[in-house]
Each structure stands twice: as structure tokens, then as C-alpha cells.
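This dialogue is meant for a student who is beginning to read protein structures. Please keep the model in view while following the turns.

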Amino acid sequence: MSYVKESLTKGERIIYTTNLHWIIFMESLSIIIIGLFISYLGVIYEAILGSFKTWLEYIALAVLVVGGVKFLLELIRHNTSEFAVTTERVVIKVGVIQRKSLAMHLTKIESIEINQSIIGRIFGFGSISITGTGNAESDFDLLRNPNKFREKMQWIAASDDNEIEAVHPNPTTQRQRQSQAKAQENVVHRSSTTRRRRRRR
């Protein structure tokens, strides 16, 4: 079970979730591409440089190992990070080894700031800074769709339960209503059947 689902209180529901942006992998992929390029140079210059090609292979291998390890760490960080807005709180958890988490009630949030570069606006990622009562500030980088994340927090904080239910129906409540409606239909059907039988008599 995810960190966010485990932290839910009774009656609390997840309204919106997002994650770290794929741009997180750019650094490790760049290192891997450099390693492949060095390896390619070794193949090209094999006839010209002779034994120097061996050094190129060692360098390429070292670079590829560094890039591969970094990519693996970034993948773990990406897959274990969670950003969620619930009916009551904002819940965030980033990383495993160096975990950074936040669980703050929406009514205690004083400001939400977003920092996006030109590239961030083009590809849809940025940093978000959440300040709570008492000047408690938490910063999170490389968030996917940070503007929508902020919009959901602000909307839920300003909405009542009925407004939230209208836009994001509770599946449990829906099932209960469907069960009640079905039970009512059965009652009406049995009552109608009983009346028809009495008329026949």
C-alpha cells in the first residue's frame, strides 16, 4: 500500500495525485549517451590508435556504470515519490533512503509558490514551496503539473463537502446509493406483484 493511502484518516479521500516529472532522468541519460559516444569513438579509432582503444573502452565502461547507477537511483526516487491532495490535507513523500515528507491540513496552508523556468513551463514541471502556519516551509523540486496541484489544493480548501462531492463523488457513497436504490426497486416490485395477485383473486 502506498504511503498516502496508509496515512488517510477515516472519511478522508484522495482527490488528486501527481508525481515527479520525467525530466528527472535527463542527467543520467545524458551520462549514458556520453559513455556510448566514447565507446563509439573507440570503435572508429581502433585501427588508428591501436592500444589506446582499450583506454577508451575503460573510460566508456566507467561512464556507463556511473550513468546506469544514477538512472537506477532516479528510477527508485521517481517510483517511490507521492504527491497527493485529499479532502483534508496535502500529503507528500519523496525518496526512500533520504525521505522527505509532508502532511499538512489544507486550512493551515498560508501560501503556495511555484517556480518554473522557461523549459519547465514548456514541458510542464517546476518547483513548489508550501508555507504553513508558523512559517513552516517545505520545498519540492521537479514536480509534474505543479500549477494543477496548487489549483486543487486551493479549490478544496475553499469548497465545502457538498461541492467536493458534486465534482469528485465518493465511490463508497455511490455504491451505497445504488444499493439503496436497488433495494427500493425490489420493494416496489414486490409490492406491485402482491397487488396484482390480490386483484386476480
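The dialogue below takes up salt bridges, burial and surface patches in turn.

Q: What kind of model is this, and how are residues numbered?
A: This is a predicted model, in which local features need pLDDT of at least 70 and side-chain atom pairs count only at pLDDT 80 or more, while totals for chains, interfaces and linings use all residues. Residues are numbered from 1 along each chain as its sequence is written, and side-chain values use heavy atoms, with hydrogens and water left out.

Q: How is a salt bridge recognised, and how many are there?
A: A salt bridge is a side-chain nitrogen of Lys or Arg within 4 Å of a carboxyl oxygen of Asp or Glu. The count by this rule is three. In one of them, R89 pairs with E12, and the closest N and O atoms are 3.0 Å apart. This pair links distant parts of the chain, 77 residues apart: R89 is in strand β3 (residues 89–94) and E12 is in the loop between α1 (3–7) and β1. Helices (H or I, at least four residues) and strands (E, at least two) are DSSP runs, numbered from the N terminus.

Q: Which residues are joined into one network by salt bridges that share partners?
A: K70 forms a salt bridge with E74, with the closest N and O atoms 3.9 Å apart. K70 and E74 are separated by about one helical turn because they are four residues apart in helix α4. Salt bridges that share partners join E27, K70 and E74 into one network. Between K70 and E27, the closest N and O atoms are 3.8 Å apart.

Q: Is H21 buried or exposed?
A: Buried means under 20% relative accessible area, exposed over 50%, and partly exposed in between (1.4 Å probe, protein chains only). H21 has 2% relative accessibility and therefore counts as buried. T17, at 48%, counts as partly exposed.

Q: What is a surface patch, and which residues form the nonpolar one?
A: Patches are made of residues with over 30% relative accessible area and no salt bridge; like charges are joined within 9 Å, and nonpolar side chains (Val, Leu, Ile, Met, Phe, Trp, Tyr) within 5 Å. Accessible areas come from the Shrake-Rupley method with a 1.4 Å probe, and for residues only the protein chains shown count as cover. Here L61, V65, V69, L72, L73, L75, I76, V96 and I97 form a nonpolar patch with about 840 Å² of accessible area together. One of these residues, V65, is found in helix α4 (residues 52–80).
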